[in-house]
Amino acid sequence: MGERAADEIEAARKLFAGPCVFVAGAASLESLPAIALPEIAFAGRSNVGKSSLVNALTGRRTLARTSSKPGHTRQINFFDLSGRLFLVDLPGYGFAQVSRSMKEAWQDLASAYLRGRPTLKRVCLLIDARHGVKEADRDTMKNLDKAAVSYQLVLTKADQLKPGAIAAAVATAQALARHHGAAHPEVLPTSSQTGFGLAELRAEIAAVASG
Ligand SMILES: Nc1nc2c(ncn2[C@@H]2O[C@H](COP(=O)(O)OP(=O)(O)O)[C@@H](O)[C@H]2O)c(=O)[nH]1
Ligand SMILES: [Mg+2]
């Protein structure tokens with residue numbers, strides 16, 4: 001499995017080369033944009049590379065703000081890709097540098113969005129390829145299973161590993177995904193820095209959004 005046809009790769013490349021505009025930054029459920037397009041959300045621990053991946057997928061350097069400071073993205077950011085889908089950059093979890101109450105407020109928002117958004121087609125659950133699935137990721141996986149929200153594990157920062165270690169990290173994550181009801185069986189390794197794996201992830205997102 002996993003081999004994408006060349007025409008799917010090319011169609012996805014074109015889609016992601018199209019216009020991508022910031023729609024809204026929602027800090028509360030009331031300020032979410034109206035339901036309009038299929039949505040693909042990016043979730044994961046703070047600093048895992050969510051904003052970098054949204055930028056790299058769309059070939060923009062500064063669309064989603066990136067930061068070396070964990071916990072930087074404090075709202076849910078929506079980007080309209082070519083009028084075809086919304087890319088959704090979620091606040092990270094597991095950060096240590098904010099107060100407990102702020103942390104809970106952000107997480108409540110993210111989990112309410114994940115559980116209750118009818119147009120949400122897929123969550124890309126980002127995992128640092130060097131660190132693998134952590135406790136907080138397992139909690140998120142369980143919650144997504146429970147809410148029956150389709151998700152796929154996406155390994156980030158693969159440029160930091162040798163090819164053999166990437167393959168091993170993918171295998172480990174895939175073995176785990178098999179035990180989770182709502183998890184896609186295939187795990188995609190990526191690097192926002194080198195572009196590794198981005199064509200395949202674009203094709204997966206394009207297929208899910210149009211399906
Ligand atoms: N080596 C490497 N570093 C990355 C990659 N993607 C993101 N980073 C770095 O990881 C840090 C956090 O990235 P960011 O996108 O802000 O993470 P977020 O908190 O999940 O949105 C930044 O210092 C990025 O430069 C990658 O593919 N490779
Ligand atoms: Mg971010």
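Colleague: Let's start with Glu10: is this residue buried, partly exposed or exposed?

Modeller: Keep in mind that this is a predicted model. The relative accessible area of Glu10 comes out at 32%. Buried would require under 20% and exposed over 50%, so Glu10 is partly exposed.

Colleague: Nice, and which residue does Glu10 form a salt bridge with?

Modeller: Glu10 sits in helix H1 (residues 6-17), and a residue 3 positions apart from it in that helix is separated from it by about one helical turn. That partner has a relative accessibility of 43%, so it counts as partly exposed. The closest N and O atoms of the pair are 2.9 Å apart, and the partner is Arg13.

Colleague: Good. What about Arg130 and Asp128: which of the two is buried?

Modeller: Their side chains meet in a salt bridge, with 2.8 Å from N to O. Arg130 has a relative accessible area of 38%, which makes it partly exposed. The other residue has 9%, and because buried means under 20%, the buried one is Asp128.

Colleague: And how far apart are the closest N and O atoms of Glu8 and Arg4?

Modeller: Both residues count as partly exposed, Glu8 at 34% relative accessibility and Arg4 at 25%. They form a salt bridge, and the distance between their closest N and O atoms is 2.7 Å.

Colleague: Last one, then: how many salt bridges does the structure hold?

Modeller: Glu10 with Arg13 is one of them, and Glu8 with Arg4 is another. For the whole structure, the number of salt bridges is 6.

Conventions. Residues are numbered from 1 along each chain as its sequence is written. Chains are lettered from A and ligands numbered from 1 in the order in which they are written. This is a predicted model: local features need pLDDT of at least 70, side-chain atom pairs count only at pLDDT 80 or more; totals for chains, interfaces and linings use all residues. Side-chain values use heavy atoms; hydrogens and water are left out. A salt bridge is a side-chain nitrogen of Lys or Arg within 4 Å of a carboxyl oxygen of Asp or Glu. Buried means under 20% relative accessible area, exposed over 50%, partly exposed in between (1.4 Å probe, protein chains only). Helices (H or I, at least four residues) and strands (E, at least two) are DSSP runs, numbered from the N terminus.
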